[in-house]
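Biologist: Could you take me through the terms used for this model, and set each one against the rule that stands behind it?

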Amino acid sequence: MKGRTQELRDIPGQQFDLCVIGGGATGSACALDARLRGIKTVLFEAGDFAGATSSAATKIIHGGVRYLEEAIKNADLQEYHVLVRALHERICMLENAPHLTRKLEFLVPSYSWIDAAYLDIGLKLYDWLAGSGRRISPSKFLSQQETLARMPGLNQKGLIGSVAYADGQFDDARYNLALVQSFAQAGGNALNHASVIDFLRDKDNRVNGVLVKDLLSQNTFTVNAKTIVNATGPFSDSIRQLATPSLHKRMRPSKGAHILLPLDIFPTDNALLIPKTEDGRVLFAIPWGGRLLVGTTDEEVAPDAELVVTRADVEYLLRHLNHYLARAVTPDEIVSGFAGARPLVSSENKADTKTLARDDVIEVDPLSGLISIMGGKWTTHRAMAEDTIHRVQQALGVPQTESMTHNHLLYGSEGFTDDYWKKLCQEYSLSQNTAHHLSSKFGTAAEQVLALGKENAALMGPILEGGEAIRAEVIYSVRHEMAYTIEDVLARRIGMQFYSWRDSIKAAPVVGSLIAEELRWSVPEADAAVKQYIEKIDYLLDSAGLSRNRPA
Ligand SMILES: Cc1cc2nc3c(=O)[nH]c(=O)nc-3n(C[C@H](O)[C@H](O)[C@H](O)COP(=O)(O)OP(=O)(O)OC[C@H]3O[C@@H](n4cnc5c(N)ncnc54)[C@H](O)[C@@H]3O)c2cc1C
């Protein structure tokens with residue numbers, strides 16, 4: 001990917017066929033789909049790529065077991081179609097970025113034979129709807145002994161066994177970056193920290209360009225675009241109303257919070273699905289990145305609500321989790337957390353956000369011509385983009401061509417194999433942990449990261465003593481992945497902020513000084529960036545009721 005400086009030289013004043021607003025999963029997928037069909041496309045993201053909802057997912061590639069139950073109970077054909085489409089999209093997602101995804105088995109513990117039979121039948125239906133997709137195995141009943149062999153930390157009292165079924169798991173932030181990098185590799189222009197603040201219009205008041213503010217320099221510039229896609233997730237209404245103020249709001253954002261715990265409190269390679277919370281939801285406890293990821297909550301919020309994990313979220317998540325654990329977890333064992341807003345689209349007759357389908361809606365505003373893609377979920381991002389770009393081609397008045405993204409290997413996937421990390425160990429004398437970390441974050445682009453270490457041996461050193469991430473990743477992220485802030489690096493490029501808030505605080509001065517050197521920041525600028533980042537993490541700890549000094 002080109003650097004920000006280069007893109008800031010290239011983009012302003014250009015004429016594009018398509019401008020995509022929003023660099024989350026949906027916008028990045030739209031940009032890639034369009035570019036692969038030969039459409040000249042620019043992508044603007046107000047924060048960082050995946051900086052909003054798209055790095056706050058539970059990170060499951062799924063049809064949605066709960067939606068199956070709802071589709072059956074409500075005899076809802078639309079819910080059924082959403083589910084089937086997602087089940088098919090799972091395979092594309094798994095195959096297009098093997099370094100960022102894996103198949104994962106979910107265990108639903110049963111404490112009564114009736115529940116077990118109900119689940120078993122339901123999950124057989126889930127298998128059947130999915131068809132005979134590759135890499136996904138069929139559901140099965142596991143005895144108590146088999147269940148405990150896989151999840152020794154489970155509450156055994158009254159346990160009769162579990163039903164196991166398979167879905168997928170992924171690294172959402174890195175998947176999003178891989179979409180943007182693939183888009184850039186295909187010749188697209190992308191810029192983060194760049195907010196669309198107004199539209200340009202033709203004589204009929206139809207949008208034909210955007211006014212963009214570079215939030216780092218505060219400079220503004222314009223670009224012309226024949227079509228504009230609004231892919232701003234929970235923020236969609238503000239862009240829709242910027243185009244046509246009389247449009248009614250459609251978004252009903254719903255906050256979901258997650259916490260992360262050390263994996264040794266519940267050692268497992270499978271995911272636990274808690275089938276029913278007191279408010280009728282499901283909850284997951286999933287091994288992810290060496291931690292146990294527990295989530296999520298569901299609370300309707302305003303689009304500009306603060307999205308942090310609160311003490312109440314912690315209490316809710318642990319209360320439900322602890323029913324299922326042999327040893328109860330306490331809040332001070334939490335190592336980090338995150339929250340995001342589901343971009344749910346309202347429908348007239350559904351009152352409650354947990355019952356709103358995770359379906360997507362494409363709206364073409366007849367007055368301004370703005371195309372908005374709203375709702376959906378990560379698992380269906382590719383299919384949503386395919387449908388959106390069909391509409392873009394209609395608006396451009398060009399013949400509809402086939403989407404190329406179905407089998408398009410994403411950046412870092414080319415030549416990747418499951419034992420690629422071994423090659424890194426051998427050729428670069430890396431520890432197994434660092435080799436695993438680099439191959440699972442960067443895929444085969446890990447060698448570009450390591451090439452920086454060949455130029456400057458100091459960059460092969462760890463960011464934190466004993467940690468797996470190395471300093472070269474910071475330089476690579478800034479030079480080739482448009483990272484600019486300490487959070488861009490620690491949260492979305494390297495993942496340390498999700499692994500441990502306290503480690504991130506320790507790493508901030510190291511990362512800050514590496515970015516400063518690369519971007520030629522002055523010492524006061526670097527110090528201010530480190531201070532600001534640490535204050536933010538302290539605030540996240542405090543909001544969740546945790547303190548910086550408790551053991552990590
Ligand atoms: C708690 C939770 C758990 C979830 N779990 C799963 C899961 O396990 N599996 C799954 O498939 N899905 C899951 N989802 C759903 C999935 O994460 C979302 O559907 C998806 O990330 C939405 O992507 P998006 O691009 O539409 O929105 P976002 O990621 O929010 O992207 C929109 C972007 O638009 C940008 N933007 C806004 N205004 C402007 C502007 N004026 N100019 C430029 N850019 C702008 C924002 O900065 C933002 O980055 C979950 C969601 C949540 C909240």
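Modeller: Domain bounds here come from an automatic or database domain assignment, and the model itself is a predicted one. On that footing the chain is assigned domain 1 (4-54 + 173-242 + 355-396), domain 2 (102-169 + 253-343) and domain 3 (420-543).

Biologist: What separates the centres of domain 1 and domain 2, and how many residues does the contact take from each?

Modeller: The centres, taken over C-alpha atoms, are separated by 33 Å, while the contact takes 9 residues from domain 1 and 6 residues from domain 2. On the side of domain 1 that touches domain 2, the elements giving two or more residues are α8 (236-243) and β18 (371-375), and by class that side has 4 nonpolar, 4 polar and 1 charged residues.

Biologist: Why is α14 called oblique to α17?

Modeller: The axes of helix α14 (residues 472-480) and helix α17 (residues 501-519) come within 9 Å and cross at roughly 40 degrees. Angles under 35 degrees count as roughly parallel and 65 to 115 as roughly perpendicular, and the value of roughly 40 degrees falls in neither range, so α14 is oblique to α17. Their crossing is right-handed, and the contact is made by Val474, Ile475, Val478 and Arg479 of α14 with Val511, Leu514, Ile515, Glu518 and Leu519 of α17. By class, this contact has 7 nonpolar, no polar and 2 charged residues.

Biologist: What makes α17 and α18 roughly antiparallel?

Modeller: The axes of α17 and helix α18 (residues 523-543) also come within 9 Å, but cross at roughly 160 degrees; angles over 145 count as roughly antiparallel, and therefore the two helices are described in that way. Their crossing is right-handed. Among the residues that meet are Trp501, Ile505 and Ala508 in α17, and Ala529, Tyr533 and Ile537 in α18. The contact of α17 with α18 has, by class, 13 nonpolar, 3 polar and 1 charged residues.

Biologist: How do you know that the shell around the ligand draws on domain 1 and domain 2?

Modeller: Each of domain 1 and domain 2 provides at least three residues of the shell. Of the 39 residues around the ligand, Gly22, Gly24, Ser54, Gly233 and Gly256 come nearest, and α2 (25-36), β8 (194-201) and β16 (336-342) each supply at least two residues of the shell.

Biologist: Which classes do the residues of the shell around the ligand divide into?

Modeller: The residues of the shell divide into 16 nonpolar, 19 polar and 4 charged, where Gly is counted among the polar residues.

Note on methods:
Residues numbered from 1 in each chain as written. Predicted model: local features only at pLDDT ≥ 70, side-chain atom pairs only at ≥ 80, totals over all residues. Axes fitted to C-alpha atoms, helices over the stretch in contact; angles between N-to-C directions. Helix = DSSP H or I, 4+ residues; strand = E, 2+ residues; numbered from the N terminus. Left-handed = near helix turned anticlockwise from the far one by under 90°. Contact = placed C-beta atoms within 7 Å. Near = placed C-beta within 6 Å.
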